[in-house]
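Visitor: I am new to this structure and would like a close look at a single part of it. Could you take me through the sheet and its surroundings, beginning with the aromatic rings?

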Amino acid sequence: MPRHNERKYRAVTAFQRRIGNPVLRRLPFQTLLETTGRTSGLPRRTPVGGRRIEGSFWLVSEFGERSQYVRNIKADPRVRVRLHGRWHTGTAHLLPDDDPIARLRSLPRMNSTAVWAMGSGLLTVRVDLDD
C-alpha cells in the first residue's frame, strides 16, 4: 500500500475508533452493521452508510478487506443491520467484482462522498436480508 494510503488508513481508523464510531453508535436511527468478532466471538457494531434496495442492503467499505468488519464477515457472514431503528438479520456477501465507485453513486450522497474521500481499496458489500 502506498505511504499516502497507509497514513490515510491509520488517521481515519484512529478517528473512527476513538470518536466517530462511539458517538454514531449511540444515535437511535444511525444505520449499524453488527458482525461477530472473528477472535472474540462478541458482537461488533459499526456505523455504516448504505441503502436498502428491495431485499438487500448495499454498502461500500472504505478500506476494503482491511476493514475490521469485512474481516469479521469473511469469518462469519451472518450479520444484523439496524435500519431506521429496527434490526434485520441477513447474510453478507463481499463483491470484489462490483464497481464500488458506480455503487457509491447509487447510495446516499453524503456517506458516499465521505467513503470516496477517506477510502482506498473500496469494496462493495451486499447483505441479503432475511425479512
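Guide: Under the rule that ring centres must lie within 6.5 Å of each other to pair, the count of aromatic pairs in this predicted model comes to zero. Two tryptophan rings nevertheless have a charged partner: the charged end of arginine 80 sits over the ring of tryptophan 87, at 4.1 Å from its centre, and arginine 103 lies over the face of tryptophan 58, 3.8 Å from the ring centre.

Tryptophan 58 leads on to the sheet, since this residue stands opposite arginine 51 and is one of the residues of strand 4 that point one way, together with Ser56 and Val60, while Phe57, Leu59 and Ser61 point the other way. All of these residues are buried, and strand 4 is accordingly described as mostly covered, with six of its six residues buried.

The sheet to which strand 4 belongs is open and has seven strands in the order 2-1-5-6-7-4-3, with antiparallel pairing. Strand 2, residues 43–47, and strand 3, residues 51–53, stand at the edges with a single partner strand each, so one side of each is left without a neighbour in the sheet. From one strand to the next, the twist averages 35°.

On one side, strand 4 is joined to strand 3 by three bridges, and these two strands run antiparallel. The hairpin that they form has two residues between the strands, and in it glutamate 54 takes a positive phi near 55°. Strand 4, residues 56–61, is also joined to strand 7, residues 123–129, by six bridges, again in an antiparallel arrangement, and here serine 61 has leucine 123 of strand 7 as its bridge partner. Helix 2, which covers residues 68–75, packs on the sheet and touches strand 1, strand 2, strand 4, strand 5, strand 6 and strand 7, while its direction makes about 50° with that of strand 1.

Strand 1 can be followed in a similar way, beginning with its surroundings: four of its five residues are buried, so strand 1 is largely enclosed by the rest of the structure. Five bridges join strand 1 to strand 2, and the two run antiparallel, with glutamate 34 having arginine 45 in strand 2 as its bridge partner. Six residues lie between the strands in the hairpin of strand 1 and strand 2, where glycine 41 takes a positive phi near 80°. Strand 1 is joined to strand 5 as well, by three bridges and in antiparallel fashion, and the bridge partner of leucine 33 in strand 5 is valine 81.

Both leucine 33 and valine 81 return in the largest nonpolar core, which has 15 residues, and in which Leu33, Phe57, Ile73, Val81 and Val127 touch the most other members. Strand 4, helix 2, strand 5 and strand 7 are the elements that give two or more residues to this core, and strand 7 gives the most, with four residues. Isoleucine 73, when its neighbours within four places in sequence are left aside, is in contact with Leu33, Thr35, Val79, Ala92, Leu94 and Val125. Apart from this core lies another, of six residues, among them Val60, Leu95, Leu107 and Val115, and with Val60 the account comes back to strand 4, from which this residue points the same way as Ser56 and Trp58.

Note on methods: Residues numbered from 1 in each chain as written. Predicted model: local features only at pLDDT ≥ 70, side-chain atom pairs only at ≥ 80, totals over all residues. Heavy atoms only, no water. Pairing = 2+ DSSP bridges. Axes fitted to C-alpha atoms, helices over the stretch in contact; angles between N-to-C directions. Contact = heavy atoms within 4.5 Å. Phe/Tyr/Trp six-rings, centres within 6.5 Å; stacked < 30°, edge-to-face > 60°. Lys NZ or Arg CZ within 6 Å of the ring centre and 35° of its normal. Buried < 20%, exposed > 50% of the residue type's maximum accessible area, 1.4 Å probe, protein only. Core = buried A, V, L, I, M, F, W, Y, C linked by side-chain atoms within 4.5 Å.
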